[in-house]
Structures are given as C-alpha cells and as structure tokens.
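Here are a few notes to read alongside the model, set out as numbered points. I hope they help you find your way around it.

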Amino acid sequence: MDEMSGIQALEHLHPTLPTKPGLIERREFEYVRHGTQCLIANLEVATGQILMPTVGDSRSEKDFAEHMERLITQDPDAEWVFVTDQLDIHRSESVVRLVAKHCGMDESVLGIKRKAGVLKSKATRSAFLTDRTHRIRFVYTPKHCSWLNQIEIWFSILVRRLIQRGNFTSKQDLKEQVLAFIRYFNRTMAKPFKWTYAGKVLQR
C-alpha cells in the first residue's frame, strides 16, 4: 500500500497530431493545469489486483486512516499484512488506534502521544504496528528503499499507460479516468491464462 501524490490534471490546448509516413506523433506543449489529485492504492500480491483505491485532494493522516478503515471492513476477520514505506502517516496515532480497535484491544492502554506508552514516539508506534502477534500488522521497507514495495511497480504502469499521455479536463475527470483504468486493469488480471513450463501446461 502506498500513495501517489501530486497527479496533475493537465488539459492539452490542442489535439495531438497523428503519425504520418516519416513523422512521429506530435503533441502540443501548451496545457491548462486544473490541479492535482492523490491516489492511495493497495496491490494484493496474490492476485495482482488493486483493492479499494482512494482518489482525493490530499494524503493526510486522516485520509490514510479512513482508507485503511474502508479496506479492513471489507473482510474484518482476515489477517492483514500491509507493506508500506516509513512515511509518518503510515505509523500515526490514528493508524495505531485503528489497528487496536480492529484487533479487539483496549485503547486506554495505548498511552498518550509524545508522552507515554505505545503512542509516545515513532519508534514505539512502529514497534506496535509491526508486532507479529497482531492480526493486522505492517512491514516497513527500509529508508530510501520504497521501490521494494510492489505497488511502486504498478504506479509506473499507471503513469506509462494513462497519466503520461492523458488529457484531463478537470480533477474530477482525472479521478474518473484513474478509477476506470483500475477497473480495466483488475478485469485484465482476473482473466485466466495458461503457460507451459517443463512440458506441463499451467493455469492461473
């Protein structure tokens, strides 16, 4: 799970000129900038699909906690393991309280932020969130190594196939196109396919 912030809603002022014999496609450089959106997305490693994406104006602690709440309530009894980088909102007070609530813990024992208990510091919150005995836990990538998270590979797919060459007339248009691409991507990943290995036909 991770965020892709600052996705620009750029509307090109003139249409792209198609390829011709001896000429590559030509794009007009002038554009109107309508603002930005932030995508919070989850890649389910087992299926390769994107789960419960959130597209909005910001990526605050509140935004991240609400995104997690929406995701966890889809399967409230499951074991969840989230792989994220070490951004502060991924180990915030809101996330600690959310995990404690869904794991049936007494939130009164969590302490007070910057003073005592689990909530005292980033280190204590990280230790709590990575505890292997919890049904909901985090695995944090090392600093400067967020590229180890597989969602980053998917973000590059989104950029290359939609955003880089896209034309967006508003922030809402950008949001709708991103969500439509995710639905298309998930349908593509859901299709069964066959391949051969060592003379055997395998199927997903």
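1. Let me begin with a pair of helices. In this predicted model, the axes of helix α2 (residues 93-102) and helix α3 (residues 122-129) come within 10 Å and cross at roughly 30°. Angles under 35 degrees count as roughly parallel, so α2 and α3 are roughly parallel to each other. The crossing by which α2 passes α3 is left-handed.

2. Which residues of α2 and α3 meet? From α2 come Glu93, Val95, Val96, Val99 and Ala100, and they meet Arg125, Phe128 and Leu129 in α3. Sorted by character, the residues of this contact of α2 with α3 comprise 6 nonpolar and 2 charged, with no polar ones.

3. Now to the sheet. It is open and is formed by 3 strands in the order β1-β2-β3, with antiparallel pairing. At its edges are β1 (2-12) and β3 (49-56), each of which pairs on one side only. On average, and with direction ignored, neighbouring strands of this sheet are turned by 35° against each other.

4. Helix α5 (residues 171-190) deserves a look together with the sheet, since that is what α5 packs on. Its contacts involve β1, β2 and β3, and the direction of α5 makes about 175° with that of β3. With over 145 degrees counting as roughly antiparallel, α5 and β3 can be described as roughly antiparallel.

5. Here is the strand pairing in a little more detail. Strand β2 (residues 31-44) is joined to β1 by 8 bridges, and the two run antiparallel. If you would like a landmark, Ile7 stands opposite Gln37 in β2.

6. How many bridges pair β2 and β3? There are 6, again in the antiparallel sense. For this pairing, a handy place to look is Glu44, which stands opposite Gln49 in β3. β2 and β3 form a hairpin, with 4 residues between them. In the turn, please check Gly48, which has a positive phi of about 80°.

7. Finally, the aromatic residues. The structure holds 8 aromatic pairs. Ring pairs link a cluster made up of Trp154, Phe155, Phe181, Tyr184 and Phe185. Phe181, Tyr184 and Phe185 of this cluster fall within the residue range of α5, 171-190, the helix that packs on the sheet.

Conventions. Residues numbered from 1 in each chain as written. Predicted model: local features only at pLDDT ≥ 70, side-chain atom pairs only at ≥ 80, totals over all residues. Heavy atoms only, no water. Phe/Tyr/Trp six-rings, centres within 6.5 Å; stacked < 30°, edge-to-face > 60°. Axes fitted to C-alpha atoms, helices over the stretch in contact; angles between N-to-C directions. Parallel < 35°, antiparallel > 145°, perpendicular 65-115°, else oblique. Left-handed = near helix turned anticlockwise from the far one by under 90°. Contact = heavy atoms within 4.5 Å. Nonpolar A, V, L, I, M, F, W, Y, C, P; charged D, E, K, R; others polar. Pairing = 2+ DSSP bridges.
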